[in-house]
Amino acid sequence: MAVGKEILTKIRSVQNTQKITRAMQMVSTSKMRKTQERMRAARPYADKVRAVMAHLASANTDLEHPLLARRSEIKRAGIIVVTSDKGLCGGLNANVLKRFYAKVNELQAQGVQVEACALGQKGLAACQRTKINVVASAVHLGDVPKIEKLIGPLTVLLNKYAEGELDAVYIVYSRFINTMKQEPALEQLLPLTEEHMVVEHAHSWDYVYEPSASNVMEFLVKRYLESVVYQAVAENMASEQAARMVAMKAATDNAGNAIKQLRLVYNKSRQAAITKELSEIVAGAAAV
């Protein structure tokens, strides 16, 4: 029965793994609703800041701001890649990094130098493996996005753009569609496109600025970019929990199927051993 003992050991091992995957599935399920609520709560703020910024720009066409300046030629670009700190979430990080590498290769093929800002441990490790220059990073973001952890890395890229060291800034993250679907998304942060500056409702009135329109615009632009990055991180966290829940459910089901197959093999081997013993007993009795 040595073979039977090995099979029983294998069954216990798979059962222990199944307990872990089931526990992780339950944890991800409980966290998923909270991350989705935070993701949806962040959207109205970004939309309102963008609307005020667009109206201010349309009412004061002579405003000039370094973050609104367009470059005639793109020579250096920065890309913010948002990933998770942990694995075991299916192909979520792999899909985001695939989209990130595609953009990097596209820019490098055009002779553009690329600098990366990694938000998440997986993205930072991937950039280090591929020797991509990382100018800023933030890891161990936890389950709740905190703007104070994101301002530092974002400010590095904004300052580089304002000083002319970067000509464009992009962000790559996982957009949450629904529980079963998350897709990698690439957006251009800087320079702001015409779509960002569209005024939904044109009015003849204007704001009263304190201390000045340029200072207000500078504040709004930074708050808008911070809200976009915060929203991307929130969506990526919601996508992470949903992807982990689906992946752990699939792992739990696969462990259950493996246990059934192992039990079937164990029962067959046990039956074969009993049949062999009976045959030996009958043969011995017949010989006597």
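This is a short dialogue on reading a few local features of a predicted model.

User: Let's start with backbone angles. What is the usual sign of phi, and what is the usual form of a peptide bond?

Analyst: Most residues other than glycine have a negative phi, and most peptide bonds are trans. Against that background, L88 has a positive phi of about 55° without being a glycine. K131 is another case, with phi near 60°.

User: Where does L88 sit, and where is K131?

Analyst: L88 is in the loop between strand 1 (76-82) and helix 2 (92-109). K131 is in the loop between helix 3 (121-129) and strand 3 (134-138).

User: Is L88 buried or exposed?

Analyst: The cut-off for exposed is over 50% relative accessible area. L88 comes in at 55%, so call it exposed. K131 has 74%, so it counts as exposed too.

User: And which peptide bond is cis?

Analyst: Look at the one from L190 to P191, where omega is near -5°. P191 lies in the loop between strand 5 (181-190) and helix 5.

User: Which residues does A168 touch beyond its sequence neighbours?

Analyst: Skipping those within four places in sequence, the contacts of A168 include L190 and P191, plus I74, R76 and Y161. A168 itself is in strand 4 (residues 168-178). Its relative accessible area is 0%, so A168 is buried. Its C-alpha is also 7.6 Å from that of L189, 21 residues apart along the chain.

User: Which residues form a nonpolar patch on the surface?

Analyst: That's I274, L278 and I281, together offering about 290 Å² of accessible area. L278 belongs to helix 5 (residues 213-287).

Note on methods:
Residues are numbered from 1 along each chain as its sequence is written. This is a predicted model: local features need pLDDT of at least 70, side-chain atom pairs count only at pLDDT 80 or more; totals for chains, interfaces and linings use all residues. Side-chain values use heavy atoms; hydrogens and water are left out. Patches are made of residues with over 30% relative accessible area and no salt bridge: like charges are joined within 9 Å, nonpolar side chains (Val, Leu, Ile, Met, Phe, Trp, Tyr) within 5 Å. Accessible areas come from the Shrake-Rupley method with a 1.4 Å probe; for residues, only the protein chains shown count as cover. A salt bridge is a side-chain nitrogen of Lys or Arg within 4 Å of a carboxyl oxygen of Asp or Glu. Helices (H or I, at least four residues) and strands (E, at least two) are DSSP runs, numbered from the N terminus. Buried means under 20% relative accessible area, exposed over 50%, partly exposed in between (1.4 Å probe, protein chains only). Contact means heavy atoms within 4.5 Å.
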